[in-house]
Every structure is written in structure tokens, then in C-alpha cells.
Amino acid sequence: MSKNEMNWANIDTDPRFQALHAKKTRFLWGLMIVSMVYYFLLPIGTAYFQDIFKIKIWGPFNVGLLFALSQFIVAWAIAYIYARRANTEFDAMAQEIINDAHNIK
Amino acid sequence: MNVKNILLSLPLLSASSLACAADGAVADEWKWLTFLVFGGIIALTMYITFWASKKVHSTSEFYAAGRSISGMQNGWAIAGDYLSAASFLGIAGLISLYGYDGFMYSVGFLVAYITVLLVIAEPCRNIGKYTLGDILAFRNDPKKTKVIAAISTITVSIFYLTAQMVGGGVLIKTLIGIDYEVSVIGVGILMLAYVVFGGMVATTWVQIVKAVLLVIASIVLVALVWAPYGFSLPGFLDGVVHDAGIQKQVAKLIGNAAANMTPEELGQRFLEPGLFLKNPIDQISLGMALVLGTAGLPHILMRFFTVPNAKEARKSVVWAMGIIGGFYVLTLFLGLGAALHVGPANIVALDKGGNMAAPILAQYLGGGANSMMGNFFLAFVAAVAFATIVAVVAGLVLASASAMAHDIYVGVIRGNHASADEQVKAARISSVIVGVVAIVIGIMAKGQNVAHLVGMAFAVAASGNLPAVFLTLYWKKCNTGGIVLGMLVGSFSAIALVMISPNMTYPKAVIKTAHEVLEGTPAKDAVPAKTSEGFVCELFAVCQNAEPAKTATEAKSGAIEKLAKLNAGMVTMTDPGVLETAKKDAGKLEKDIKKAQDDLKKFEGQTTSLVGLEKPLLRLKNPGILSIPLGFLCVILGSLLYRDKRAEEMWDELYVRQNTGIHAEGATAH
């Protein structure tokens, strides 16, 4: 099997690949934007919303600490959501294209 | 005891306390234990190298461990590679000195992996082979992009590596008193043994072992710190808030503002932002460099070529995020625990940057400086720190060597026509060259200010590498012109901005501080707040930036005067406890005086920094907010101005392959 056998342009325009591309792009950009916005709220918050960060909610435990710890939870949640979606959906869609790639001429 | 005796014993005592500091945190009688633990860990890694050396024959085995590392194993190895001494000792230290702000670093280091997971890991695994150069050369001119990628890889790795070598040398010296040069050479030789004989197989397993040891050590320490509070979070934090040492530290940090605060308010302030990071633009800039830089670090990219396929690459990032995130949550307890039990003042006395917080906390938790367990704990944490440096440096050397041998020698000089044997030989020779260079640089950089180097590595990776990798993967019109222009301008602007930033050493400022330490500061009048003359003024010191009002301060006496007073006062002290404290304070003052005098001698007659500036031109410590957009802009401009048929023709293939993994480099059959 030579690598030149593939017709990349036609695979690219194949509706199955286009569907994978569209789904993946939307999903990845969505997650990326959510995670970046959430992360940059931390330096912005510590700089401009210190009064909110100082509110004590559980003994000395304050909103600032809660927000910083929530960053970990959100990062893990995004990793989990992405991995789940990729494992169940994207991989299967890609596999279908791979199996059929030689026939797309 | 008569006065004469006390006076006579003073210089001796302070001399011995200084000698003790120079000999390391471990007392002589416990050195054997330290060497035993170190020896054990080194022996273990040597065994791994011996075992790995029998498995490394081909280039794929040398650079990528035969692509046979599982996702979970690679996740641990990524954690081992990423949690460098700077990040685990450094962050625990920052938290122990500045509370909340130190913890903010942890968050950025973890969030960085979201970028790696979502946009970098899988596509790179699908289209790449061994190096950053392979990814960029896929659709762009292979020779041009390989040369520039190799230069960038070696630059970033050398920055990172120098910081590790110097930090490691200092750390080992502070902990167990081994000479700086000896520990740099020791780290260098060990790391070379792993890389040259065991290639990526040994490097990976050394990183895994180190990550496991680090996590175990941290869990044990956190359990010991937290247990007395019944594992209650508010209970533990209450302890922090009511600790006198921490309250004192906060008072010191906020100066006059502390005057009308209750002790409890001062303690609570430790859990609030703003004690360390004061410039919001700088914080955002740092965040950008962390979040985008990690995905552009060549030694991290390289790890994704060690797994069999994109699915395992994904799995490895998820594992890495779990381990790295979990570890950074623990640093909060390590840092606050160190502040609570050891005290910020004692931590600073050992190391100004707080790097000794975690090791000294370990010693305390084990039972203190004179107990067997205390010294065992200290030895264990020190050995893990040592293993960390060796493992991280090994990964960096491997990344540089692969750029040199695979990109430059095989790809450019030999035009991809080297035999398999020749390639492995080239890889081993390059590793030795990079390793020896690393040792030489490490020794030459002794006593230099290297704090800016890790930041510089992240900034170059974020401004030069990431825009190039990202746009070549996702933008159809990206081509060789953009890659070359973007990587050059992005990297150089990041380096140039750091060179004019406050991170560099400015002799005039050092001399002024030294004089203030020795002779004290005169009283200052209150200064009203200043308004900013524009956004540019917040970035560059060419016009007035916004400054808050300053209250008037009283004159402070210098260390020389304080010491004289203390020595005079000691004569009349009778309580042995009070006398002991006074002697300790005197020792600290003597140390301060010596350091100030050394600084004055060192910078005598100098007025400008390395690049000829009297004071920083850039107000930011982190250049990312300027250099990252510039890097992206130059890749885009370069691509639009340059015509490259190959880059256009290869787009379909690249895009299909990075999304599906068709024709991805497979695992070597065993």
C-alpha cells in the first residue's frame, strides 16, 4: 500500500469527513473559549474584584479560594467532557472514514 | 557567665551558624542517611537505564520509546517532565511566603493542558514523527522549517535547562552541602547516562518513577499537615489565620496598611490575592504565556510521539491533567503548612525565593532537625527534588538532541538519506554534545540570576512555536513564509522584551538596596496617587503609569546600626532564651550585611544591565501579552505575503490526516 493511493482532496470533501470536521470544530472551539474565559476571570478577578474574592463563606475559606479551586474542577470537567465525546463519537466517525478511505477516489 | 566570655564566644557562634547554613540543612551526623536515600534512588534509575538500554536499537526506540508507552504511563511521564523543581519547590515556596497569589500559579500550569488536550496533542501525534520540526515540515518547506524549528527547540530547551541546572545546583548545596560544581556535574553525568544508553525508554521511566515518588511524598506530607485539624478545611485555614508568624509576614508585606488591622485580619489577608502579584496586566500576560506556552514546549510535544496512536495521546493528557492538577491542589496545603509550621521568616532565611519550604516542612513533620525521621523525610524530599532535576533535564536534552540529529543532521545535511544505524549514532553523539554544553553552561552560570529563564522559555514557546504549530494545523493559507517570519519575530521579540524587563539585574537598583540594607532609609513624605498617561505607559517606562498613593514612612535604621545595638544589648541579657533569640537575630543581620557588602563589591562601578539599561524599559515581567499576538500576526502576514504551492497542495492531506490518523507513524512491533 503506497501513501500516494489516497485521494486526500476527495476525502476532504467527503460528506462524512465534512460532518466530522464541522462537529469537531464547533465542539473544540466551544470548549476552548469556555475554558479560556473561565481561566482569565481569575487574574481579572484578583485584580479588579478583590472585594468579592474576600467574602468569607466557610470559616476563613473565601470566594477567592473557592474560585481558584473551582478552576481545577472546571479543567478536569472539560478534559472529561472532551475525552468522552472523542472516545464515543469522533473516534467512531474517524474510523468509518479510515475504513473506507481507499474507496474514496 | 561573665561578659568577657559571651563577647568572645559571639564571633565563633555566628561563624559556626553561618558555616552550618553553607553546609546545608542536613546536619553532618545525618548525612549518611541522606546519601543512602539518594543512592537508593540513583541506583533505581540506573537499573531502569540498564534495562532500557537493551530495548533501544532504532531511532523510533531512541526518540519515541518505540511508540509503545501506554496513555496512562505517558500521563505519569508528562507529569514527571512538567513538575520541575521550579514548579513544585517554587510554587510551594511562593504559597508559603505570599499565600493566595502563589496558588494562582498552580492554576495556570494546569489550565495550560486544556490547550494541549484540545488543539495540540492528537493532531501532532497524527502527523508528526519525533520533533517539532517534523510537524512544521509536513506541508512547509522541509529544510527551512526544520532549521528554524531546531534552532527554536534548542533555544527553548537551553533556557529551561540552564534554569534547572542552576536551580538544582543551588538546591543540592543548600540541602546537603555538596559543592555547586559537583552537583551540576553529577546531574549532568546521570542525565547523560539515561539519555545516551536508554534514550526515550529510560527517560520516560525515570520520569514516571520520579512522578510517583513526588506524589507519594506530597500525599504523606499533606496528610501529616492536615491530620491535626481532623482533615477539616476551615479548621486548617483557621490555624493559618491565627498563626503569629503568618500575621507578621503579612504585616511585613503590606507595610503601613497593616497598622489599623487586627491580627486576625492580617492572617485572613494571607488567603486573599494581591500580596505578590500586583500588576494586573502582568498577571494576564503571565497567564497567556503559561496557557499557550506549555503547548509549544518541545520536550512536552515530544512526549506525544511515544504513544501508539492519537487515542492514547488523548488519554495521556487526561491522566497528566489528573496527576498535575491533584498535585497542585496539594501544593496549597504544602505551602500553607510550611508557613504554619516552619514560618515565612525561617523559610526566607534559608532561601529568599522560598524554594526550601517543602523540604524543611518535611524535616519538621518527620520530627525536626535532630530526629531520625525528620532527616529521613528531608532526605527523601531532597532526593525527589534531585531526581526531578535529572528527569526534567534528561527530557530537555533528548528534545535538543533530536532537533540537532533528526532535524538538522539527518533532515537537512543528509537530506533524509542516513542509514538507521547512522541515525541512532547521530542521536547519541548529539545527546553527548548537548549534555556537555548543559554542564558547561550550568557551571558558568553559577551565581547568575536565572529566574527569568523559565519564564523566557515559556514566552518563546508561546510566541514563536505555538502560533506556528497552531496555524499550520488549522489554517489553510499558512505556509513556509509565515512559519519562518512568525517564529523569528515571535521568539526574538519575547527574548528582547525579557532583556529590557524588570527580571534582569540592574546594578544601580542592587547598589541602592544594598546601601539601604546597610545604612537604613530616611523618612519619606506621602506621595499622592498618579494617573496613567495612556495604555502604552502601563507597558513601557516611557511615560507616567498609574500609581496608587503612598503614605509617609518613618526612617528605618540599617543593619549595621541594628547589629551594634543588638550586640550592646546582649551584654545585659541574662535570660538564656532571650539571649538565644538575640544571637539568632544577630546571625541574620550579619548575613544581611555580608550579602549587601558582596553585592556592592560585585556591582562596583557598574551602572547598566546586560543590554545597557539603567532601569527596566518594560514594566512587565512577562512579555506574553505583547509577543504572543505579534507571533500570530507575523505568521499570518508572512503567509499572506509569500506564495508556497506545496503548503497549499498538502493542506488536504494534512487536514485529513491530523483528524483521522490515517498513515500516522505506528508502534514498533515487539
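**Salt bridges and nonpolar cores in a predicted model**

At 41% relative accessibility, B:Lys311 counts as partly exposed, and I would like to start from this residue, bearing in mind throughout that what we have on the screen is a predicted model. B:Lys311 forms a salt bridge with A:Asp91, where the closest N and O atoms are 3.8 Å apart. Because B:Lys311 sits in helix H15 of chain B, residues 310-341, while A:Asp91 sits in helix H4 of chain A, residues 63-100, this pair joins two chains. A:Asp91 is also partly exposed, its relative accessible area being 21%, which places A:Asp91 in the partly exposed class because buried is defined as under 20%. The pair does not stand alone, since salt bridges with shared partners join A:Asp91, B:Glu122, B:Lys311 and B:Arg314 into one network.

Over all chains, the search of the whole structure finds 20 salt bridges, and I have picked out two others to set beside that pair.

One of them links B:Lys146 with B:Asp134, the closest N and O atoms being 3.5 Å apart. B:Lys146 belongs to helix H8 of chain B, residues 142-176, and B:Asp134 to helix H7 of chain B, residues 132-137, so the bridge ties together parts that are 12 residues apart in sequence. As for their surroundings, B:Lys146 counts as buried at 7% relative accessibility, and B:Asp134 is buried with a relative accessible area of 10%.

The other is formed by the side chains of B:Glu653 and B:Arg657, which meet at 2.8 Å, N to O. These two residues are 4 apart in helix H28 of chain B, residues 651-660, and are therefore separated by about one helical turn. Both B:Glu653 and B:Arg657 are buried.

Let me turn now to the nonpolar side chains. Which residues touch the most other members of the largest nonpolar core? In this core of 229 residues, they are B:Tyr113, B:Leu118, B:Phe236, B:Met321, B:Ile324 and B:Leu336. Helix H9 of chain B, residues 180-226, supplies the largest share of the core, namely 23 residues.

To look more carefully at one of those members, B:Tyr113 touches B:Ile78, B:Tyr82, B:Thr294, B:Ile300, B:Val317, B:Met321 and B:Ile324, when residues up to four places away in sequence are not counted. There is also a second, separate core of 12 residues, which includes B:Leu566, B:Ala582, B:Ile593 and B:Ala596.

Notes:
Residues numbered from 1 in each chain as written. Chains lettered and ligands numbered in written order. Predicted model: local features only at pLDDT ≥ 70, side-chain atom pairs only at ≥ 80, totals over all residues. Heavy atoms only, no water. Core = buried A, V, L, I, M, F, W, Y, C linked by side-chain atoms within 4.5 Å. Buried < 20%, exposed > 50% of the residue type's maximum accessible area, 1.4 Å probe, protein only. Contact = heavy atoms within 4.5 Å. Salt bridge = Lys/Arg side-chain N within 4 Å of Asp/Glu carboxyl O.
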